[in-house]
Amino acid sequence: MGNQIALQCAVYGNHVNLHDVNEASLQNSIVVFSEFLDRLIADGFAAAEQRQEISDRVRRTTELAKAVADVDLVIEAITEDVFVKREVFSRLDELCSDHVIFATNSSSIRVSRIESATQRPDRILNAHFVQPIWKHPFVELMRGSATSEATIAAVQSFMEAIGVLAVVVRKESTGFIFNRIWRAVKKEALKVVDQGIASVEDVDRTWMIQMETPMGPLGTMDIIGLDVIRDIEMVYYEESGDPDDAPPQLLLEKIANGELGEKTGKGFYSYPHPTWQEPDFLKKTPS
Ligand SMILES: NC(=O)c1ccc[n+]([C@@H]2O[C@H](COP(=O)([O-])OP(=O)(O)OC[C@H]3O[C@@H](n4cnc5c(N)ncnc54)[C@H](O)[C@@H]3O)[C@@H](O)[C@H]2O)c1
């Protein structure tokens, strides 16, 4: 997500400092960013001649202090773990000048659980993007306990400037709008497979046919990353304490086998050519 957010900002002319704590991830980001940029150009969202200038707007560093020197906005998109995020925001708070606004792209952690790690609860908010961002330029903004109107307005106008529609959630809600609804679907899809009620393919076929969507819930989870799905489910589980909210065994087994979805070449499907992308997927006799 960090690569996609950086890309969207760069396409619209902004200079971006991309930071990762892990040198290997940062090196890999050169390849991933370049692939996303190819797809964005192929989808007609930038001209091929702009490729170099867009890439040149993004600098990479493992040094956080260097990354945030002279910035106006920090968008965090690291591991979905409240403790890790709090630690990073506390560090950011020390490093950044007062005017800098902080946003978290977290899918399930309300910013009110993070804001007290900083001295700027009025200048921090949730900003939850959808991937791929260039195709779905949409973000849900959500206040913490003290996020100011000026912060919301500034981020809304920045989103507009990078071609992203910003919707403001009216009340704090774990999962915002979309993820609350998506979670119910995701949880049931996993259970239907985990309980042996239907195959992965048949769950996705059923959904794709009825909802007229190009992919089903399990294929979607593969694209998001099964480890990311587990982490998000854990946030709901920790909040509710309800065993029914715990990530199902099926998901944990896939992760233990290193099957994290598209990014590792295998998840519920095999990549780069998953069966759900085959033209006759919805015409095959169900298994
Ligand atoms: N995957 C999605 O579709 C999606 C969509 C919307 C929001 N999100 C949210 O975005 C965030 C990132 O998700 P992702 O799918 O990109 O995860 P990812 O695992 O692909 O990437 C996370 C990156 O953060 C880096 N990182 C970990 N700890 C760090 C630290 N302390 N400082 C700097 N970098 C650190 C890791 O090295 C890794 O490169 C999560 O909060 C997730 O909930 C994900």
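This briefing walks through the overall fold, the ligand site and a handful of individual residues.

The model is predicted, so local features need pLDDT of at least 70 and side-chain atom pairs count only at pLDDT 80 or more, while totals for chains, interfaces and linings use all residues. Residues are numbered from 1 along each chain as its sequence is written. In outline, the protein chain has 11 helices and 7 strands, and the ligand lies between domain 1 and domain 2, because both give residues to the shell around it.

**Overall build**

- Helices and strands here are DSSP runs numbered from the N terminus, with helices being H or I of at least four residues and strands being E of at least two.
- The radius of gyration of the protein chain is 19 Å, close to the 19 Å that the globule rule gives for 287 residues, so the chain is as compact as a globular protein of that length. That radius is taken over C-alpha atoms, and the globule rule is 2.2 Å times the number of residues to the power 0.38.
- If you lay the C-alpha trace along its principal axes, it spans about 60 × 50 × 35 Å.
- Of the 287 residues in the protein chain, 36% are buried. A residue is called buried if 20 or more other C-beta atoms lie within 10 Å of its own, exposed if 12 or fewer, and partly exposed in between, with C-beta atoms placed from the backbone.

**The β6-α6-β7 stretch**

- Strand β6 (residues 138-143) and strand β7 (residues 165-168) run parallel and are joined by 4 bridges. Two strands pair if DSSP finds at least two bridges between them.
- For one bridge in this pair, look at Glu140, whose partner in β7 is Val167.
- Add helix α6 (residues 149-161) to β6 and β7 and you get a right-handed β-α-β unit. Right-handed means that, with the strands pointing away from the viewer, the path from the first strand over the helix to the second runs clockwise.

**Around the ligand**

- The ligand is surrounded by 23 residues, and the closest are Met1, Val21, Ser25, Ile78 and Ser107. A residue counts as near if its C-beta atom, placed from the backbone, lies within 6 Å of the molecule.
- The elements giving two or more residues to this shell are α5 (82-95), β5 (124-129) and α10 (226-240).
- Sorted by class, the shell has 10 nonpolar, 11 polar and 2 charged residues. Ala, Val, Leu, Ile, Met, Phe, Trp, Tyr, Cys and Pro count as nonpolar, Asp, Glu, Lys and Arg as charged, and the others, Gly among them, as polar.
- Domain 1 covers 2-168 and domain 2 covers 178-277; these bounds come from an automatic or database domain assignment.

**Backbone oddities**

- The peptide bond from Gln131 to Pro132 is cis, with omega near -10°. Pro132 sits in the loop between β5 and β6.
- Another cis peptide bond runs from Tyr271 to Pro272, with omega near 15°. You'll find Pro272 in the segment after α11 (249-256).
- Asp70 isn't a glycine, yet its phi is positive, near 65°. Asp70 is in the loop between α4 (64-68) and β3 (73-76), and it counts as exposed because it has 10 other C-beta atoms within 10 Å.
- Glu212, also not a glycine, has a positive phi of about 55°. Glu212 is in the loop between α8 (200-211) and α9 (217-224), and with 7 C-beta neighbours inside 10 Å it counts as exposed.

**Residues to look up in the viewer**

- Glu76 lies in strand β3 and is buried, with 21 other C-beta atoms within 10 Å. Glu76 and Asn126 are 50 residues apart along the chain, and their C-alpha atoms are separated by 9.6 Å.
- Ala67, in helix α4, is partly exposed, with 19 other C-beta atoms within 10 Å. Between Ala67 and Leu95 there are 9.9 Å in space, C-alpha to C-alpha, and they are 28 residues apart in sequence.
- Val193 belongs to helix α7 (residues 178-194) and is buried, with 22 other C-beta atoms within 10 Å. Val193 and Ala154 are 39 residues apart in sequence and 44 Å apart in space, C-alpha to C-alpha.
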